[in-house]
Structure formats: structure tokens, C-alpha cells
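Biologist: Could you take me on a close look at one part of this model? I'd like to start with a small sheet and then see what else is worth a stop.

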Amino acid sequence: MIREILSGMLWQGRLALRSGGMRVFAAHGYVDEGYRPSRVPFFSVVGPLGIHSEPERENGRTATSTVRVPGHLIGRPRGPGDSVPAGGALKLRLDGRASVTLSGLPGGSFASAATGPALAAALNTKLAAALFGGLFQEPSGAPLTDPLLLQALAAVTARWDAEGGRLAISSDPGIPSLDFHSSVEVLPVTGSIAGALGLEPPERAQEGRVYLSKLRAPRAMAIDVQVDLWAGSQVDLAAIMDTVALAIPTRGQMVLRQSLLGADVPEGATKLRLLSQGEPTTLLSLAHLEASDQGLERARGGRVDLTPGASWLPASGGLRLSGNGTATVRVHPTPVVPDSFHSDNPAPDGFALSLGFQVAPGATDGQTVPVAVLLSQAQPVLRLVVRYVLVGTRLFGEVVATATLAREGGTQVAETRWRLLASRLEAGVLLHARLEAGEGVVWLSVDGVPQPLLDSEATPAPPVAAPGIPVAASDMLLTLGADTGTPLDFTVDHLHLVAEPVGPLDPALRRSLLAAPAVRPGDVILLGDCEDGYRIGKRRFQALALAVNGDEVTLSRPVEGSWVRGRTLVFQEECFFFQTQLRRKDDLLNHLYRCSVDYRVSALMEELNANTGARLVEKPVVDLVARGASRAASGHPGTFVTEVDTAKRGAI
């Protein structure tokens with residue numbers, strides 16, 4: 001829990017302090033009074049400085065829940081001398097009601113390590129095909145049509161135990177609204193290979209069971225944390241403290257183990273997708289794409305239009321652009337209904353564009369790769385291209401960022417060039433371009449590091465300034481690639497256009513999300529409305545994680561309400577914090593201005609794993625007493641017994 005509290009405070013600092021023309025770095029700090037950060041502005045978290053129990057706070061009661069184990073069949077171990085004939089059949093009866101015959105199964109000798117897994121894979125394929133083709137039958141021989149039972153049968157699975165050399169077939173764990181046994185049975189059929197598989201007789205056969213899970217009572221603890229804010233001037237520190245007062249006030253709530261939705265979640269859904277890497281969408285986001293969006297942008301749910309040559313890569317690989325392919329997003333569209341809050345120019349002070357992209361190898365001197373362009377009435381507001389230039393024996397990709405600004409009835413162009421090694425672009429970079437309208441300069445940074453303006457090799461010419469107002473307007477078009485074609489394919493895994501000249505995010509923030517593989521069955525999953533990436537609104541939804549498959553998490557109950565990917569924060573824990581002390585520790589000798597803020601975070605420290613107790617009923621024993629007969633003094637009139645040993649769905 002303490003580790004999550006420190007990470008949550010860093011998450012909040014990295015997001016909240018991204019304002020103005022400066023980038024605030026965030027990392028873990030040191031208690032040593034002689035510590036000085038290597039760069040400013042800097043936000044550091046130090047802790048724990050103290051741990052206190054809270055006896056006045058109710059710790060909570062020990063909770064219990066039920067855990068369902070499906071009915072299953074485990075075969076006898078198969079050795080190198082055992083084999084299965086090819087083309088055999090297997091007939092199963094599931095849940096005491098649904099029967100199916102699986103034919104044309106592969107064979108082979110168990111002396112080969114591939115035979116067992118191949119048989120399990122073939123059984124799963126045949127089961128899925130039988131369910132899709134409507135081949136399951138009722139005991140009477142009629143086709144099975146019960147929709148709830150058909151839904152339950154989708155969870156039937158066969159697995160191969162490589163260590164024990166055994167095949168296991170498991171039924172579904174059960175649906176509460178149904179009342180039948182969770183079980184797996186082998187029935188006789190012509191050409192059956194049940195004996196060869198070790199399933200007739202099996203090593204073990206058991207119907208579904210219900211177990212009692214005991215959750216320990218959490219312990220209320222308070223953890224002291226110190227936040228150090230460093231700046232190079234009194235003005236910079238004052239600007240940071242303004243943001244801290246709003247984002248990390250004297251008291252508030254903080255979420256832990258944050259994650260982001262990879263897709264919108266409709267009402268009634270039982271599964272949700274989580275991003276493995278990403279950043280939150282804010283109120284100032286004009287356009288936001290992540291690799292998993294597959295055709296929709298996150299800021300307002302707009303459409304991404306692709307032309308031939310542009311395609312979304314599978315498994316969240318990003319957006320691939322080749323040839324004449326382009327991807328276009330509409331930015332700041334005019335409202336259908338007139339809105340007095342809609343400004344024609346969404347970013348008069350400037351804006352920021354960040355994207356992660358990777359260029360395919362094979363570049364040669366003189367080639368130009370069009371990366372992105374923001375157009376307003378056919379006029380380029382911001383353009384990013386990569387021009388390859390050979391300097392001596394080394395090939396550089398020169399990132400050229402240009403912006404058009406209006407001033408005194410005309411327009412002028414600001415331009416910044418940064419030479420990066422071609423190998424670095426092939427490996428992939430996080431490029432951030434920030435247009436400061438007052439200065440009229442496009443400032444570049446790569447992977448969170450600003451452009452070295454004093455390095456003549458990286459910056460052969462200083463940035464060209466053009467103060468004014470960006471020519472941004474309503475109904476702009478943001479295009480990746482160009483219809484004139486690109487000589488080299490490139491991939492974009494994320495893009496974020498912000499209507500404010502903010503600095504780049506700390507690259508560590510994109511990697512700090514709780515990805516789906518880190519979620520364990522039984523973990524709490526909470527969804528909350530979120531507008532700024534770290535503060536949660538009043539609407540919440542809570543469920544437990546039942547299973548994880550890739551980037552998808554199955555929930556214990558249907559989702560209430562609909563949740564939009566760009567306005568939702570997923571988290572697992574929430575705690576309360578309050579400020580205990582604020583003090584200045586300036587280092588005037590080194591021109592460092594420092595402010596230290598102490599917080600006390602109040603949280604419930606819980607056991608990560610629950611204890612699984614005994615079965616609710618191992619063997620039901622019922623003593624019947626005739627109605628009207630005399631009853632002993634210890635008897636309890638009106639008591640009745642319900643059998644739950646076999647995990648009937650109606651009793652779970």
C-alpha cells in the first residue's frame with residue numbers, strides 16, 4: 001500500500017504540474033538536506049516519513065464471499081507407452097443436461113510432448129464449433145435452445161497438464177439464475193477414445209462446489225509523505241504553488257493503481273479493456289489518439305478517417321501509414337447548435353502536439369517524410385516533417401516544425417529544426433512540439449528532453465521566431481501522412497493535441513499505468529468520471545475482476561451506466577490525504593528555491609490475498625422430524641436445510 005501511495009502522489013504531480021511554459025520533472029526524492037535536483041522545475045516525493053495506526057477509526061469487519069469451482073473431470077496420467085488412435089470420438093454430457101459428440105479428433109503417441117497439447121486444443125476447437133453450430137442436445141435428443149445454458153457452455157474448456165501428463169475437462173462455474181448441476185460426464189459412443197485419453201474411468205470426477213472465502217479486516221494506517229518543489233526562480237516557484245494549491249490542496253482524495261480504458265464501456269457490459277501505456281485526456285485536449293483506439297479519438301469521440309495505405313495494426317500496434325495513406329481527425333468542430341461557450345480560436349496563446357512515432361529503416365539522403373499537419377481553412381497551423389540529410393558519414397533525420405501565426409493583418413511562419421540520428425527515429429521517439437504564441441517559437445523535445453540549442457550539430461540554426469496569434473479556428477483537420485505519398489512507412493502509437501502551450505509529460509507517466517496483466521482475479525476494479533486525469537467525480541462503479549485475458553478484464557457484475565474512454569479513470573484504491581505542514585528551504589547560494597509540503601495519507605491497508613476456507617457443505621446430513629411430533633429442548637422450530645454441496649446455480 002505504501003508503494004502505491006507514493007506512486008499515486010507522483011501520478012498526481014506529473015499531471016497537475018504540467019502547465020505554463022515549463023516542464024516539471026517528477027521523481028522520488030531524498031531526505032538528505034544536502035540533496036539537490038539535477039534539473040528544475042522539479043517535483044519529488046519522499047516517504048514514508050512516519051507510519052501511524054488510527055485506533056479512533058473503524059477498521060472494518062471481516063468479510064466473507066463465495067468462490068465457485070466448476071465441475072470437472074481429470075484423466076489418469078498418460079505415459080510414453082500410451083497412444084490415441086486418430087479420428088476417434090468423445091461424447092460428453094455437461095451440467096447433467098447438455099450432451100455433445102466430438103468426432104474426428106487427432107491421435108498420436110504420448111511419447112511426444114506435442115500430443116497432449118494438440119488434443120486439448122482440438123477439444124476446445126470442437127467444443128466452440130459445436131456451440132456455434134447448435135450441436136448440443138437435450139436429454140431427449142432435441143437441440144438445446146436454452147440461451148442461459150448456451151451462454152454458460154461457452155466457459156467449458158479442456159486443458160493439458162504437462163507435468164502430470166493428464167487431460168482435464170472443466171464445465172462452466174455456473175450462472176446464478178439457473179438451477180442445474182455443474183458437472184462433466186463421459187458417455188459411451190462408437191469409436192470413443194475416452195479410455196485412451198484416461199477419462200474412462202477418470203482419475204477424479206467432481207461436481208461443482210462452493211467455497212467460503214474469508215477476507216481479513218483491513219487496518220487503518222496513516223503514512224506521512226513529503227513533497228519537495230524546486231524551481232530556479234521565485235516566479236517559477238510561485239507559479240508551481242498556484243497549481244499545487246488547486247491540484248493537491250490541503251485535503252482531498254487520491255486514487256491508487258490508476259489505469260485507462262482502451263475502449264468505451266457500454267451499460268451492461270461484463271468486460272473492459274485496459275491500456276498498457278497511455279496518458280489521460282484533459283479538458284484542454286483537442287484531439288487524442290492511442291494505439292488501441294482503432295478508429296475513434298478520445299477527446300470527443302470523433303471519427304478517424306483512413307485512406308488506402310493507412311491501417312490500424314493488430315494487438316494495439318498503432319497506426320501504420322505508407323504510400324499515399326492518410327489518417328484525418330476533425331479538430332474543434334463547430335457545434336450543431338450554437339454555443340456561446342464555443343470559441344472560434346481554441347488556442348490563442350498557443351498549443352502543444354505530442355506523438356510517438358517510428359520510421360521504417362532504409363532512409364537515404366534527401367528524402368522527406370510528412371508526419372503531421374494541422375490545417376485551418378487550407379492554411380497550415382502546425383506542420384511536422386522529417387527531412388533526411390547526410391552530414392559527413394552519418395545520416396540524420398531533421399525534424400522540421402513550422403507554425404503559422406497572424407500579426408498586423410498578415411501571417412508569418414515560425415520554424416524550428418532539430419537533427420536526430422536516423423537510427424534513433426527507427427527505434428521510435430516521443431516527439432513534443434510546443435508553440436508559445438507570445439514568443440512565436442516552436443519548442444521541441446524528444447523523450448522528455450528539450451532540444452539542445454547550443455549543440456551546433458543537433459541545432460545547426462536557431463529557431464525562427466514569429467510572434468503573433470496562431471491561425472487556429474473551428475473545423476480544423478489534423479492529418480497524419482500526406483496524399484502526395486511518403487517514401488518511408490512510419491507508425492504512430494499515440495497523438496495528443498492540447499489547446500495550451502504545455503510542456504511534455506514525463507515519459508514515465510505513460511508507463512505507470514496498471515495494465516490488464518497486473519490485475520489479479522479478486523482485485524477491486526473501480527470506474528470513476530474524470531475530467532483532468534487524476535481527480536474523480538461523484539459517479540462511481542465498483543466490481544471485482546473475475547478473469548484476465550490479454551488486455552481484457554472480466555468483471556463480476558454488469559457495468560452500470562456507460563463510460564467513455566477519454567473521460568474515465570480506472571483505479572483500485574482510494575485514500576484521503578491532508579496537509580500537515582508547509583515550509584520554505586531556499587538555497588540562495590545555488591539559486592534554488594524550494595518549498596516542502598508535508599501530507600498525511602490515511603488509508604486502509606488490506607491483505608492482498610483472501611483465505612479460502614472449507615466447503616460450505618461437504619455432505620449434507622438432514623434429520624427429519626415428523627410434523628406435530630415432540631421436539632427436544634435444543635430443537636429450533638421452522639429450521640430447514642438447503643443443499644449447496646453440488647453448487648446449484650440457484651443457491652449461489
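Modeller: Here's a walk through the small sheet, followed by a strand with two partners, the cores and the cavities. Keep in mind that this is a predicted model.

Let's begin with the sheet you asked for. It's an open one, built from three strands in the order 7-6-11, with antiparallel pairing. Strand 7 (98-105) and strand 11 (184-187) sit at the edges, each pairing on one side only. If you ignore direction, neighbouring strands here are turned by 30° against each other on average. Now zoom in on strand 6, residues 88-94: its antiparallel pairing with strand 11 runs over four bridges. To find your way there, look for Arg 93, whose bridge partner in strand 11 is Glu 185. This sheet has a helix on it, too. Helix 2, covering residues 115-133, lies across strand 6 and strand 7, and it runs at about 130° to strand 7.

While we're on strands, have a look at strand 14 (residues 219-231). It's mostly covered, with 12 of its 13 residues buried. One of its partners is strand 2 (residues 42-53), and those two pair in the antiparallel sense over nine bridges. Phe 42 is a handy landmark for that pairing, since its bridge partner in strand 14 is Trp 230. Strand 14 also pairs with strand 39 (residues 593-605), again in the antiparallel sense, over 13 bridges. There you can pick out Asp 228, bridged to Ser 596 in strand 39.

Next, the nonpolar packing. The largest nonpolar core counts 57 residues, and Phe 357 and Tyr 388 are the ones that touch the most other members. A second core, separate from that one, has 32 residues, including Val 24, Phe 43, Met 254 and Val 601.

Last stop, the empty spaces. Searching the whole structure turns up six cavities of 30 Å³ or more. The largest cavity has a volume of about 140 Å³. Its lining is made of 15 residues, and those nearest its centre are Ser 354, Leu 430, His 494, Pro 504 and Leu 505. Three elements give two or more residues to that lining: strand 23 (350-359), strand 28 (429-436) and helix 6 (507-511). Strand 28 gives the most, with three residues. So if you want to see that cavity from the inside, centre your view on Leu 430, one of the residues nearest its centre.

Notes. Residues are numbered from 1 along each chain as its sequence is written. This is a predicted model: local features need pLDDT of at least 70, side-chain atom pairs count only at pLDDT 80 or more; totals for chains, interfaces and linings use all residues. Side-chain values use heavy atoms; hydrogens and water are left out. Two strands pair if DSSP finds at least two bridges between them. Axes are lines fitted to C-alpha atoms, for helices over the stretch in contact, and angles run from 0 to 180 degrees between N-to-C directions. Contact means heavy atoms within 4.5 Å. A nonpolar core is a set of buried Ala, Val, Leu, Ile, Met, Phe, Trp, Tyr and Cys residues joined through side-chain atoms within 4.5 Å. Buried means under 20% relative accessible area, exposed over 50%, partly exposed in between (1.4 Å probe, protein chains only). On a 1 Å grid over the protein atoms alone, a cavity is a set of points where a 1.4 Å probe fits but cannot get out, and a pocket is an open set with protein on both sides within 12 Å along at least five of seven lines; lining residues have an atom within 4 Å of a point. Grid points are joined across faces, edges and corners, and a volume is the space filled by probe spheres set on the points.
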